[in-house]
Amino acid sequence: MKKHLTYCAAALGMALALASCKEKEFKIQGTVEGGADRSVVLEKASYGGHWIAVDSARVESDGKFSIASDRPSAPEIYRLALDDRYIYLPVDSTETLTVASKVADFGRDFNVSGTPQAEQMAQFEKELMNLDFSDSTKREDFKKNVYSKYLKDSKGGILSYYVLTKIVGTEPLYDIMSDSDAKYYAAVATAYQQYRPTDPHTRLLQAASMDALKRKNSAAGRKRVVEAEEIKFIDLTLPDENGKEVSLSDVMGKGKKGVMIVSVMNEKESPAINKALSDIHSRGDFAFYMVSVDADQYAWRDAAKNLPWTTVTDPEGRNSEVLTRYNIGTLPAFFIFAPDGHLIDRAFTIEELNKKL
């Protein structure tokens, strides 16, 4: 009898432990019609806008799949990936989201259910797919409509952060460098401060919004002075390969046209990018300030010491605030400065940078 009671107690304890684990998980399930034996991958967005694989599942013969993962400490954006196609999903806590699509239409034609926010995100994605992004008038009208529909009354929901920082191709939907778009950042930042003051996204939005306000005030003639210097851009101070702190303002505004490059050193395309940058650098009298967000600091240092321009690194890697403060969604990114130090343009590719310089 004693053994039986001990066994029952152990079994009950195990059951409670399993139940407790399940309570700390969220679940993504659904069907991918025609996707038998294919793998779907669950990826999570970092604060720097990059994607990290969390888990994966094989689609069963009937098209069904299921993935469970630890709930995030704060609401986050995830995406379900099949090859190079994606369905984006907001996760607040321990919800269960259901996705339905066909393998041929994955990422283009799909349904998501489980929470109102998830359904809204799917609706936004479909509306965005139908937008002619090259038509500036339609793009501006779309952004105003999106603000009214998804941002204005969002109360700090993760969907509003996702929509605000959405990258379309290589361009931001809402560009923090644009005065006309800065008001949208300010509105969402205010909502986050009111409803989610401790959320990590709140600090990022507030910093971006305040920097945009400083730029706007400076451009309008209401100059603010910091250490007797006019604010011309969002300044950075980061260590170079020798550990010396170097500011962006130490390099820009010294009489030469300048470029700030934000990149990584340890990816396969990096040598080709650095070679193209070297060609540009050697053809003109330019000042380069390269910010690397590499996780491997040793590999970065070895590569950086061979480059003929200022190279610095952010120890936060892909979580670097540089990515948020300059609204960077893809790497590398290029920012062009006038000889007097004002930020005047942005390029998304080496070819575009070469043309603009």
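A nonpolar core is a set of buried Ala, Val, Leu, Ile, Met, Phe, Trp, Tyr and Cys residues joined through side-chain atoms within 4.5 Å. With that in hand, welcome to this predicted model, whose largest nonpolar core holds 31 residues. Alongside that core, the briefing visits an open sheet of 4 strands and the packing of helix H3 (residues 136–151) against H2 and against H5.

**Nonpolar cores**

- In the largest core, the residues that touch the most other members are Phe124, Tyr162, Val163, Leu164, Tyr174 and Leu205.
- Two or more residues of this core come from each of H2, H3, helix H4 (158–164), helix H5 (179–195) and helix H6 (200–219).
- Val163 makes a handy starting point for a look inside: leaving aside residues up to four places away in sequence, Val163 touches Phe124, Val146, Leu151, Leu173 and Tyr174.
- Another core lies apart from this one, with 23 residues that include Leu97, Val99, Ala118 and Ala122.
- As background, nonpolar side chains in soluble globular proteins tend to be buried together.

**The sheet**

- The strands of the open sheet follow the order S3-S2-S5-S6, and their pairing is antiparallel.
- Strand S3 (51–58) and strand S6 (85–91) each have a single partner strand, so these edge strands are left with one side that has no neighbour in the sheet.
- On average, neighbouring strands of this sheet are turned by 25 degrees against each other, direction ignored.
- Strand S2 (residues 39–45) and S3 run antiparallel and are joined by 7 bridges; Val41, for example, has Ser56 in S3 as its bridge partner.
- Helix H2 (residues 116–129) lies across strand S5 (76–82) and S6, and runs at about 145 degrees to S6.

**H2 against H3**

- The axes of H2 and H3 are 12 Å apart, and the two helices pack at an angle of about 170 degrees.
- Angles over 145 degrees count as roughly antiparallel, and H2 and H3 are therefore roughly antiparallel to each other.
- H2 brings Gln120, Gln123, Phe124, Glu127 and Leu128 to the contact, while H3 brings Phe142, Val146, Lys149 and Tyr150.
- Sorted by class, this contact has 5 nonpolar, 2 polar and 2 charged residues.

**H3 against H5**

- Here the packing angle is about 5 degrees, with the axes of H3 and H5 12 Å apart.
- That angle makes H3 roughly parallel to H5.
- Glu140, Lys143, Lys144, Tyr147 and Leu151 of H3 meet Asp181, Tyr184, Ala187 and Val188 of H5.
- The contact of H3 with H5 has 5 nonpolar and 4 charged residues, and no polar ones.

Methods:
Residues numbered from 1 in each chain as written. Predicted model: local features only at pLDDT ≥ 70, side-chain atom pairs only at ≥ 80, totals over all residues. Heavy atoms only, no water. Pairing = 2+ DSSP bridges. Axes fitted to C-alpha atoms, helices over the stretch in contact; angles between N-to-C directions. Contact = heavy atoms within 4.5 Å. Parallel < 35°, antiparallel > 145°, perpendicular 65-115°, else oblique. Nonpolar A, V, L, I, M, F, W, Y, C, P; charged D, E, K, R; others polar. Buried < 20%, exposed > 50% of the residue type's maximum accessible area, 1.4 Å probe, protein only.
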